[in-house]
Amino acid sequence: MVPKNLLKKLVKICGRENVLYSPTDLYLYEYDASMERGKPDVVVFVTSAQDIQNVVRLAVAENIPYTPRGSATNLAGGSVTPKGGIVIETARMNRILEIDEENGVAVVEPGLYNLQLQNELASRGFVFAPDPASQKVSTLGGNVGMNAGGPHCLKYGVTVNHVLGLEMVLPDGEIARFGGYTQETPGYDIVGFMNGSEGTLGIFTKLFLKMMPAPGGVETLLADFDGIEQAAGAVSAIIAAGIVPATLEYMDQTCIKTVVASLNVDYPTSAAAVLIIEVDGPQWSLAPQVTAIEKILKKLGARVRSARDNTERDALWAGRRGALGAMTRLKPSVVVFDGTVPRNKLPLVLVQIDDIAREYGLFYGTLLHAGDGNIHPIILYDERDEEETQRVHEGCDRIMQLCVNEGGTITGEHGVGIEKIPAMKYLFGEDELEVMKQLKDVFDPQGLCNPGKVLPA
Amino acid sequence: MPQAGLWEEYKVLSDQTLEAVVQCSKCGFCQPTCPTYAVSGLEHEVARGRHQLVRGLVEGRLELDKNLKTALFQCLMCNACYTNCFPKIKTDEIIAEVRNLWIREKGQPALQRYIFHTLLRHPELLGRLLKMASFGKRSGISGLAQVLRCLGWYGKNIANAEGLLESIPKSFLRERLAAQSLIPEKRRGKVAYFVGCGINYAQPDVGYATAQVMNKRGFEVEVIDNYCCGLPAYAYGDLDSVRWFVEKNIRIFSNLQADYIVTDCASCTSFLKEYKRFVPEDSEQQKIVKDFTGRLRDMTTWLYETEDLAEYKTGGNTQTVTLHDPCHLSHYLQEKVAPREVLKNIPAVVYKELAESDFCCGGAGSYNIAHYDVSMKILKRKMAHVKNTGAQVLATACPACIIQISYGVRKFNAPVRIKHVSELVLENSE
Amino acid sequence: MKEAFKNISTHFSLQEDEISRYAVRGIRPMAVAHVENTGELCQWLKECWHQRAKVNVWGAGGFQELGGALTAHDITVTTSGHHKIVDYDHDNFTVTVKSGLLLGELANTVKQHNQFLPYNPATGADKTIGGLVAANEYGSLCFFFGTARDLVLGLKIVLADGRLVRFGGKTMKNVAGYDLCKLFIGSMGTLGVIDEITLKLYPLPQELIRFEYSAGDSDACQGFLKKIYRSNLPIWDVVADSRLFIRFTIPTLGIAGKDLIDKVSSQLGETLQHSSFSMREYSTGCDDFFKSNSDTLVKWIVPKSRVSDVFAYLNGQDGGMPSLAYPGRGVVFTRITGYEKTEQIVNLCKKFRDHARKLDGRLNVYRADIPVVQKLDVWDVDQNTLYWSKALKKEYDPQGVFASGRFVGGI
């Protein structure tokens, strides 16, 4: 419970209607899209950097934790408050402040949905390359905070490669800007490590994002394979041939069967796996790439289809886009695993995941951002069944260890949050964790900014 | 962690609702399209939050109290969340059942009870009351207000309700249609016309146009002597009344001899398609339901299917037309093609797409009266998009939307006329 | 102290002539240690930490005079003997190397496997990878491929107290924990010593075509650059110079060179000079500009639309100033020629800096003689970055093991 005088001060800063503290409301701010829960003490809606600054200053003075929150679509517990405190909801800070076409910079507030920016940029012939699957609903502040990926990061890199500058409220209560309209800033790369810091080093108030010209055209191919090893091998083969597709997505048989059963898509259910491959660029550059890819795929025994127009393109993508949804209809609870391995390890790792799944009796289907080795087994269960839930946790843990052992990592794009803290030890020793803790200590010596995340206590 | 035992023991809500709630993975994809969330940004104003509230109730963490009531009654039941929902959770069904729970536990407000148990079950009484109100309104006395006050409805809602209804027609649709022949010269077939309450009492011109267009396309029109479809009662969780209407209407439908059953109220169409949920499986009634839903068409779909019979005027002035998708058409029936294609096929129509065309207008039956402030915020957003199209006419296919957006035209000074698709088709027909 | 150091390695020298070779602007270390493996590197650092000695890290020696004036230090640790290729994973398109490897050697190695590292800092071939990454050097390919922060997937770092830590890895995506690679890249060796680097590789293209455009005036120059920025052509590098001469390179991506030339000309609306060559012959021709060590070199960092403004400004200066730009990055290097006196050079730098500010940019003195450096803050750093950079330095190198003076705020 928050003391009354603190509530009064928060009301003074944010306005009465922007401070929530009824038990019902607090119950609703204890979760995100992960399985983690943690009840805050109060929720405030902010509309400006000054609001955030005032709230942070108050929190610091009163020694109360605070946690930024956007759309709370976090898959690892990043927006949950395990230590209670103040939730600072930035969803209403959602303006596009400036689009500087000359310098290729979009300046936006953190609460803007990724897709809203994309739509605005599209009308001007630009794109913001990071396109996480949640782009309809995830906020750009969250994307930067988590260093989000997405299907197109195979060719264009992840979020950090597209952020030029940040304005943020730091835990010392100051509003500071790092970088901006120029492509580099003398001094340590503060913008660089703020990306992916999961809101534990401060709260973004303004983002300076790099815009790219929209590619002139797109070609989409669907290839189906009789064996998962051939499919996974094709991924490396395409890239080895000197082609960097815009996206290279993989679906396994469980996913294929599920989407065919519940959506109107025409995927071959007998296939062990399908790849959806997209190349983009100026129109004239597409045909040679498509020909080269087709040749590689056919050599590996795949059957290949290509989309002749947008309708067909949508049809090819429909299954991939609907896959997670179709899968989640099968059971009440879902964990989307996010390990990543060097892409040439995919064939091996996919087979081993299957072994682990069998050992733990897990029901799952696999989606991959195959081009960059990012594995998303979708594990389905019923969280009301404690025994099954336990098996899922143990299985995931094993798969994370497997990824690390094969030279990969425990999370490629979802972040550590609360969920993966125990697995950090697979990847990092005490020294590394201490160096990370030092970074936290530099910016947030009191440990009030989004506590209980990323690092083991 | 949810406790297994609690879920198994919880018998206050149906298993189906509990399963739906548990199925929510909290992914949050319902946020960008939810109108109430768009204007408030509050977690209890979006499907995810609403599911979690029910979950809190089941797990004994929340009480069935005023906070919960506010959250669950503020939902428009527009179903926009369903369109984006991965596990395809029917949030409207959850909401209706919890509202029903509220009524069972806390009782139903007198006015609602009077409307669903008396007025709507006795259309002649409702007609008389509305006529009284209409007389009052035209003569400058606030007749509607008096009627509402008689019914025990106080507060600012009265003024709002009055403002929403520009005028109450002198004669209702049923009276007008009864007075004329509805058999075309060249008869191709027959349509049984389900007259929704909104069309009958508030927008007889729309229904009149509907019947005319059906005649023009060679269809005899039989006006069904139906009761309210039951949707208003459903929206307030009065499931007993819903069953009453369903039963009455099914009895009427059992005798219908027609090629199509058509209604020009998208809400009625979509709710009639839900009737199967309210009758026992494998019953005689279920057979009737299956038969009539097979022939049931929304007017826009019917117009689209009979498009080859259309004879439109050519030449003459063109007008720019945009479309607002009624929620019951776009989000419940998932029908977005038919109304567009019908409009685009009219020679004199220059079609212009409306941004967020399937975003609720905030009308939602009588939501605009019960939750005026929220409704107006949603309407404001809609009207801004409407203005941006620069269209002369906004077409739609549901009386509640017509009432709400017409109010928006007056309130936000939008230079656009609101028409039902039927009306536009009629105007442009030879 | 000496005894302790001797136990670490035999590659340890107190010889005068040897020491004087590792002097930086006249400041000599007391001893030089030639490190050949990670263990030695860690031990040296550990020992320096205990002895409270100050360390200067030396790769190929190419960047010792970069930035501010280095302060006194006790030991110079050289890494050029620490140059193993640890793991070359062709299939995964990654290579992991020790920091003392020369960029040129690495480039040659991967070329033999038809791969390439899209990282071409001018005169970088004979520099160590560790040095280049620590100094955040980059070349014209930054237009398409970015800089070290975009190409480095993982780092092993020896901390001030000699502990070895690893961040990142060999996957393209990795969000486990804070991205400390970003902190160490470009930190000029002020926070730790880079021991090992994992880099992202690309397939070697078969053929490239270089296009050239000569602009009549700075407006035409900016107009043309704008077209390049707005085009979706897969342009890999762009270089411009103060003669308003722009050149850029595009890989043919499997289409006939002639077709590509037609497409590019029609898309940019200009008939362009062009020449084609293979990747083995690829060179940006920027090296000469940077080779001469005699002139003061300044680096403009401006929003990319202001590059031609910088050119226009420079061309209006007495005698003109030879300049070379990576325009997509908004960076212009200018050689200050024709001035001898320190005072004059300092004043000119200040004048340029004022002008850079007017263009919403900044100006660093990239390379200058010691008298200039002493009279001028070579880094044009903003207050926030400076404040936090100092805080970070204090946290990670509380004892000041790493020789200071070169980086922002004298770090």
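In helix 5 of chain B (66–73), the residues L68(B), A71(B) and L72(B) are buried, a residue being buried if 20 or more other C-beta atoms, placed from the backbone, lie within 10 Å of its own. Seen down the axis of helix 5 of chain B, these buried residues fall within an arc of 90 degrees, so they line one face of the helix; the arc is that of the directions from the helix axis to the C-beta atoms. Helix 2 (23–28) of chain A, together with helix 4 and helix 7 (91–106) of chain B, is included in what covers them. Helices (H or I, at least four residues) and strands (E, at least two) are DSSP runs, numbered from the N terminus.

This is a predicted model, in which local features need pLDDT of at least 70 and side-chain atom pairs count only at pLDDT 80 or more, while totals for chains, interfaces and linings use all residues. Residues are numbered from 1 along each chain as its sequence is written, and chains are lettered from A and ligands numbered from 1 in the order in which they are written.

Helix 5 also belongs to a contact between chains, for 26 residues of chain B are in contact with 28 residues of chain A, where contact requires that the C-beta atoms of two residues, placed from the backbone, lie within 7 Å. On the side of chain B that touches chain A, two or more residues each come from helix 1 (4–9), helix 2 (15–23), helix 4 (47–58) and helix 5 of chain B. By class, that side of chain B has 12 nonpolar, 10 polar and four charged residues, with Ala, Val, Leu, Ile, Met, Phe, Trp, Tyr, Cys and Pro counted as nonpolar, Asp, Glu, Lys and Arg as charged, and the others, Gly among them, as polar.

Taken as a whole, chain B has 25 helices and eight strands, and 50% of its 430 residues count as buried. Its C-alpha atoms fill a box of roughly 70 × 50 × 45 Å, taken along the principal axes. With 430 residues, a compact globule would have a radius of gyration near 22 Å, and the 21 Å of chain B agrees with this; the radius is taken over C-alpha atoms, and the globule rule is 2.2 Å times the number of residues to the power 0.38. Among the contacts in chain B with a separation of 6 or more, 76% are accounted for by residues 24 or more positions apart.

Chain A also meets chain C, in a contact that takes 67 residues from chain C and 73 residues from chain A. Helix 15 (383–396) of chain C is one of the elements that give two or more residues to the side of chain C that touches chain A, and helix 15 gives the most to that side, with nine residues. The residues on that side of chain C divide into 29 nonpolar, 19 polar and 19 charged.

Within itself, chain C is divided into domain 1 (2–80), domain 2 (85–203), domain 3 (207–281) and domain 4 (287–383), with bounds that come from an automatic or database domain assignment. The centres of domain 3 and domain 4 of chain C, taken over C-alpha atoms, are separated by 26 Å, and 11 residues of domain 3 are in contact with 16 residues of domain 4. Helix 9 of chain C gives the most to the side of domain 3 that touches domain 4, with five residues.

Methods. A residue is buried if 20 or more other C-beta atoms lie within 10 Å of its own, exposed if 12 or fewer, and partly exposed in between; C-beta atoms are placed from the backbone.
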